[in-house]
Amino acid sequence: MPLGVFIFLAALAVTSALGTVLQRNPVHCLLALVVTLLAIAVMFIGLGAVTVGFLQVIVYAGAIMVLFLFVIWLLNLQAELRTSPGYLALKALAGLLCAALVAELFTLLWHAPTAGGAQAAAPPGYGSIEKIATMLFSDYLISFEVTSVLLLAAIVGAMALARRAPAPQHASPQAAAADGPARPEGA
Amino acid sequence: MVPMSYFVGLSAVLFAIGVAGVLLRRNIIVIFMSIEIMLNAVNLAFVALGRRLGSMDGQVMVFFVMTVAAAEAAVGLAIIIAVFRNRETVNADQLNLMRW
Amino acid sequence: MTAQFPALALILLFPAIGVVFNIFVGPRAGRNAVNVAGTGVIFAAFAVGLWAFARLLAMPAGAALEVTLWPWIIADQFHTAIALRFDALSAVMTLVVSGVGAVIHLYSIGYMAHDEDYARYFAYMNLFALSMLVLVLADNLLLMFVGWEGVGLCSYLLIAFWYGNAQFAYNGRKAFVVNRVGDAGFILGILTMLSALAAHGVWTLNFAGLQAHAAMLAPVATMAGLLLLLGATGKSAQIPLYVWLPDAMVGPTPVSALIHAATMVTAGVYMIARLHFLYALTPDAMHVVAVIGGVTAFFAATVALVQSDIKRVLAYSTISQLGYMFMGVGAGAFAAGIFHLMTHAFFKGLLFLCAGSIIHALKGEQDMNRMGALWRRMPITYATMLAATLAICAVPGFSGYFSKDLILERTFEAGDEGLWLLGVITAGLTALYMFRLLFLTFHGTSRVAPDKHVHESPPVMTVPLIILGLLSVAGGWVELPPGWLWGGAFSRFLMPVLCRSRSQAAHGAAGGALGVVAMLATLTGFLLAYILYIQSPALPGRIAARASALYHLLVRKYYVDELYNLIFGRFLFWGSTNVLSRGVDSGLIDGIVDGAGLGVEAAGEVTRRSATGNVQVYAFVYLAGAVGIAAYYVYLVMVR
């Protein structure tokens, strides 16, 4: 990947990430986030991780972002109103700490033995679907299978959490009182 | 060719931006988005360092991170919906039931 | 030679089942179920004991049945297991404990028929049988100690069975505390032996292992023997720790019969006989055992002369008879001691059951001054009690004759003429106080309160009386004088286990002459009792008035309780109240505890301010931690 392309992508990613964090309308934040993700996806492809790069576009920019959008619309969220400043001093401190974190990471990176130098020549087939699939179904088989259980649990959990509480006329008054409105997953 | 440290440095910057988002924003959905930025920053470091070592294990890790992120988004957003239904807010400042 | 015999575990399993059943199901299952279960399990244990006994008889002399249930303590080189051993000595003890125990359980059905707490009673009784069987079947000292403590606990629970009465509960505590003193001696004795063996690299507490390495015990034999003797005096109510037994009589009478006459109190004799190889090494400790036994026998007999509570007389009689047993084992006649233990279990158990029958008929009356002329109205009780009295007085032909005679003879042979004389005098006193008891209760004029309707006890109580009555008469016939029929079969059966430690000389002409002397003493006692309590009933009162100092000394039991109270009770009570309770507990410990609580509360008051409930504040703290950790790594990198 030429240096110019990297600088462009990096600038794009950092700018849009800042946009995500700083804008007040959630939909605008989301759009900026998509740009960040796409920039990173292109970098993945440039690094030879072709499969992961496309997965990034499909899963993140496609599926997950749409989910976010739906939730924002479902809840009908508007731009945040400026209310009380909250813990202002704390927030200033938090910004300082973030800066310190970046400084520390850069220091460590500077001294890391593997950081410098050019990247090694990619072996043939590096980052291809075939190679990734071979690894997933051999070395990482157990992790892969466990992931499927995780996804199943997430589906069931999401459905149970997002379900509406049953309408009062269908449940007996005692059960409704016992469950209470605070437990939509009940019954 | 771009030195590997540039990628890792970019990853560090993106991560810090994500942390700042989590700490500074009050809207839970935006906090969630910031978390996604942090995850992607780490993914970038994985892929870049894997390329440096000529190994693909980093990419497999990214695959798993994406899976977890998807699961987390699904459950997390469901929780946000449930909370919003009860409290009529997605403002982290007002969700302080854990208080003494 | 030993053989594996897993069915031994059944002897313990049956009473254990009874305990669990009576505790958890008993109160709901009803009186009949409890009666059947509580008694049946002991009969079942007795049956298994007979089975094992038959197996043992079929094997050559000196054989033993064994079973290892599971490993218990494994600490480096020290291994010990929950293991049972059924040799000749254990066989005798097991059969006595389960046999007499079963009969007394049967009797309890009738005695406790009007008590609401029958399930608890039978649970305790079964637990006692279990503990006692563990004690006699254990193949090592530690497991024996478990049984030893178990019977002590059951004794406490049953003495204080009617805990609603504060005095009864106090007496239970007294028994428990006095036994603690003895138990401390016992466990110190065990440790003394273990440390002596460990010095030679031998780590065992098995009886077989101890006996095999007895030579290593020689340096500590006297000390270990005396410490174990302290344990024995506690459990078997000998001087100086006998004071709890008379007060233990407040428990239900079958308890007195089973625990405080027939079985538990003989545990000390059993223990000394079991460790005969240790005592064989130390003539000094043996002599102490014999002297304590002889003095206790005489001392308790004198106190028994003047007591008016029927159970108290029997309690002092028990102490006195246990003294005989100690005399026997102290003279090296271990088999004789165990023999007297067995016959004593029969006739003393029977005496207590008869007393219980009388008390039951008189609705709780225990004072012999309010009895009299009962023999016509309670013929079975009278006949069996007469048999037991003749047995305890060593009338020829009855069981006590063979065992007590043997002990006196062996004591004389061992060279302790003084102790022998004491034993003979005690035999006369025994006859005196036993016939006094018999005459005051069954003969003379009736002093029963007129509103009491006296009746013979129901069959469930009289059948046990008859069984024990037969045993009291015939139980001694297993050890006839040498040359008669099967001769000393009992001694021959026990000899391989107990070995001949002292002279096993043939019963010479001296034996006959000694027996005659003892018999004359007994006859004198009987005649005195007849004159004092039948011919001229007014005479005892006049004697008491004339020798009032002596009389009061005896009635107040030589003021030993008062003395102990003064020496130990006052001192300990003062120390506990002022130093330990007020100083250490209220001041120091409470201060530390309260201080800890107050400190935590104050710290919480401060730190709770940080728990704002705002997630972002928490995340901030988290980030600060992460930055701190990263800073540490930066520091590491920079230094390098």
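Select Thr20(A), which sits in helix H1 of chain A. This is a predicted model. Thr20(A) has a relative accessible area of 0%, so it counts as buried, the cut-off being under 20%. Now show its surroundings. Leaving out residues up to four places away in sequence, Thr20(A) touches Cys29(A), Ala32(A), Leu33(A) and Thr36(A) in its own chain, and Arg25(B), Val30(B), Met33(B) and Ile37(B) in chain B.

**Chain B**

Colour chain B next. Its secondary structure consists of 3 helices and 0 strands, and the order from the N terminus is α-α-α. Of the 100 residues in chain B, 63% are buried. Turn to contacts inside this chain: among those between residues at least 6 apart in sequence, 57% join residues at least 24 apart.

**Where chain A meets chain B**

Select the residues of each chain that touch the other. The selection should hold 80 residues from chain A and 70 residues from chain B. Together the two chains bury about 7,000 Å², with carbon and sulfur atoms giving 76% of that area. What supplies the chain A side of this contact? At least two residues each come from helix H1 (3-22), helix H2 (26-46), helix H3 (50-75), helix H4 (88-111), helix H5 (129-136) and helix H6 (141-162) of chain A. Highlight H3(A), since its 11 residues are the largest share of the side that touches chain B. Colouring that side of chain A by residue type gives 60 nonpolar, 14 polar and 6 charged residues.

Then look for polar links between the two chains. There are 12 residue pairs in polar contact between chain A and chain B, counting pairs with both residues at pLDDT 80 or more. The number of salt bridges across this interface is 0.

**Where chain C meets chain A**

Move to chain C and select its contact with chain A. Here 13 residues of chain C meet 12 residues of chain A. The buried area is about 1,100 Å², and carbon and sulfur atoms give 86% of it. Which residues of chain C lose the most area to chain A? Pick Phe620(C), Leu623(C) and Val627(C), which together make up 41% of what that side buries. By type, the chain C side has 11 nonpolar residues, 2 polar and no charged. Between chain C and chain A there is 1 residue pair in polar contact, with both residues at pLDDT 80 or more, and 0 salt bridges are found.

**Two helices of chain C**

Select residues 141-159 of chain C, which form helix H5. The 19 residues of this helix should span 27 Å at 1.5 Å a residue, and the 26 Å between its end C-alpha atoms agrees with that. Because 15 of the 19 residues of H5(C) are buried, the rest of the structure largely encloses this helix. At its N-terminal end, show Asn140(C) as sticks: a side-chain oxygen of this capping residue is 3.1 Å from the backbone nitrogen of Leu142(C).

Finish at helix H15 of chain C, residues 310-330. Its 21 residues reach 30 Å from first C-alpha to last, close to the expected 30 Å. Is H15(C) largely enclosed or open, and why? Of its 21 residues, 20 are buried, so the rest of the structure largely encloses H15(C). The N-terminal cap is Asp309(C), with a side-chain oxygen 2.8 Å from the backbone nitrogen of Lys311(C). After the helix comes Gly332(C), which has a positive phi, near 85°.

Conventions:
Residues are numbered from 1 along each chain as its sequence is written. Chains are lettered from A and ligands numbered from 1 in the order in which they are written. Side-chain values use heavy atoms; hydrogens and water are left out. Contact means heavy atoms within 4.5 Å. Buried area is the accessible area (1.4 Å probe) that two parts lose on being put together, summed over both. A salt bridge is a side-chain nitrogen of Lys or Arg within 4 Å of a carboxyl oxygen of Asp or Glu. A polar contact is a pair of N or O atoms within 3.5 Å; within protein, one must be able to donate a hydrogen and the other to accept it, and residues adjacent in sequence count only if both atoms are side-chain atoms. Helices (H or I, at least four residues) and strands (E, at least two) are DSSP runs, numbered from the N terminus. Ala, Val, Leu, Ile, Met, Phe, Trp, Tyr, Cys and Pro count as nonpolar, Asp, Glu, Lys and Arg as charged, and the others, Gly among them, as polar. The expected span of a helix is 1.5 Å times one less than its number of residues. Buried means under 20% relative accessible area, exposed over 50%, partly exposed in between (1.4 Å probe, protein chains only).
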